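Me: I've got a structure I'd like to go through with you. Mind if I just fire off questions as they come up?

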Amino acid sequence: MTAPTEDELHGEFDALIAADQRIEPRDWMPEAYRRTLIRQISQHAHSEIIGMQPEGAWITRAPSLKRKAILMAKVQDEAGHGLYLYSAAQTLGITRDEMTRQLIDGRAKYSSIFNYPAPSWADMGAIGWLVDGAAICNQVPLCRASYGPYGRAMVRICKEESFHQRQGFEILLSLMQGTPAQRAMAQESVDRWYWPALMMFGPPDDASPNSAQSMAWKIKRFSNDELRQRFVGMLVPQAAALGVTLPDPALHFDEEQGRWIMSEIDWTEFHEVLAGRGPLNAERIRNRRDAHEEGAWVREAAAAYAAKKAARTAATGRAA
Ligand SMILES: [Fe+2]
Ligand SMILES: [Fe+2]
């Protein structure tokens, strides 16, 4: 039997995608598909890990024991999301070490939203409601991504994200039922996070060069603008329930066009933050690098322990 040619392999790959079947790590895949997935999944993993910082900084200042416990659980979930996603990326032939290097050397991208500061307690509410809310809109369709390990990781992540969004909504709701100062704090935070959250879906469709290929590969299922529309459609009734105002006076639903009309997004700001000139880019990376270096002894100890255990198993022929 002769080995299949590259063309035959490509044909099998295309047939699997066309039939909505999953591509698994053992399957042949085009190099560009592999590279796209490594880039997307590792950026996604980095976002989860860097995303722990703005909220992690509030754990010691949460206003009650209950709030502290919820926030700690949420930040821990984000660490878990990072780990599932690093594992999914590793099945494509990149090591965890290499991904960590790319992040702490500043070569890797992650979601720009985490380069904004979180100066008030209400930000814990607005981040959960808006940032985790946008993440859900982006991520629910990824549960059906054509690459198996990515899609499966997303299923669990999405379940946890919906809890994150609800806890954020509930923080804002409590503030909105509080004193005038608390209501003002909630509104001020929504004003700051609304536009950056809309930017999380990426540039408009006509300026998003990689989208078409990702959609053809069934990694991405909806365009940036479609997802942004969905998100705004979800926010409007929730904002009304909260009693907050979304900071876009032009926002309304156009019955004839069947879509939300919104003001122009400030893409200059988006590109500045993406290029590393956001309010906190340098600090976020520095914190991550410090944490990695300070954690070296834990990794060494774990490796030494694993080696000792493996040696004992080899000597006795059974697991220690
Ligand atoms: Fe997450
Ligand atoms: Fe989350």
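Me: What spacing do the donors of the iron ion (ligand 1) follow along the chain?
Reply: They follow E-x29-E-x2-H-x79-E. Keep in mind this is a predicted model, where local features need pLDDT of at least 70, side-chain atom pairs count only at pLDDT 80 or more, and totals for chains, interfaces and linings use all residues. Residues are numbered from 1 along each chain as its sequence is written, chains are lettered from A and ligands numbered from 1 in the order in which they are written, and side-chain values use heavy atoms, with hydrogens and water left out.

Me: OK, which residues are the protein donors of that iron ion (ligand 1)?
Reply: E48 (OE), E78 (OE), H81 (ND1) and E161 (OE), lying 2.0 to 2.2 Å from the ion. Donors here are N, O and S atoms within 2.8 Å of the metal (3.2 Å for Na, K and Ca); water is not among the atoms, so sites may look incomplete.

Me: Why is the arrangement of the four donor atoms irregular?
Reply: Because the angles they subtend around the iron ion (ligand 1) run from 85 to 146°. Four donors count as tetrahedral if all angles lie between 85 and 135 degrees; four count as square planar and six as octahedral if opposite donors are over 155 degrees apart and all others between 65 and 115, and anything else is irregular.

Me: And what does E78 bridge?
Reply: The iron ion (ligand 1) and the iron ion (ligand 2), which lie 3.3 Å apart. E78 sits in helix α4 (residues 65–90) and E161 in helix α7, so that pair links distant parts of the chain, 83 residues apart. Helices (H or I, at least four residues) and strands (E, at least two) are DSSP runs, numbered from the N terminus.

Me: Are E78 and E161 buried or exposed?
Reply: Both are buried. That means under 20% relative accessible area, with exposed over 50% and partly exposed in between (1.4 Å probe, protein chains only).

Me: Switching to E160, where is that one?
Reply: In helix α7, residues 148–176. E160 counts as buried because its relative accessibility is 18%.

Me: What does E160 touch?
Reply: D77, H81 and Y84, leaving out residues up to four places away in sequence; contact means heavy atoms within 4.5 Å. The side chains of E160 and H81 are also joined by a polar contact of 2.7 Å. A polar contact is a pair of N or O atoms within 3.5 Å; within protein, one must be able to donate a hydrogen and the other to accept it, and residues adjacent in sequence count only if both atoms are side-chain atoms.

Me: Last one: how many helices and strands does the chain have?
Reply: 13 helices and two strands.
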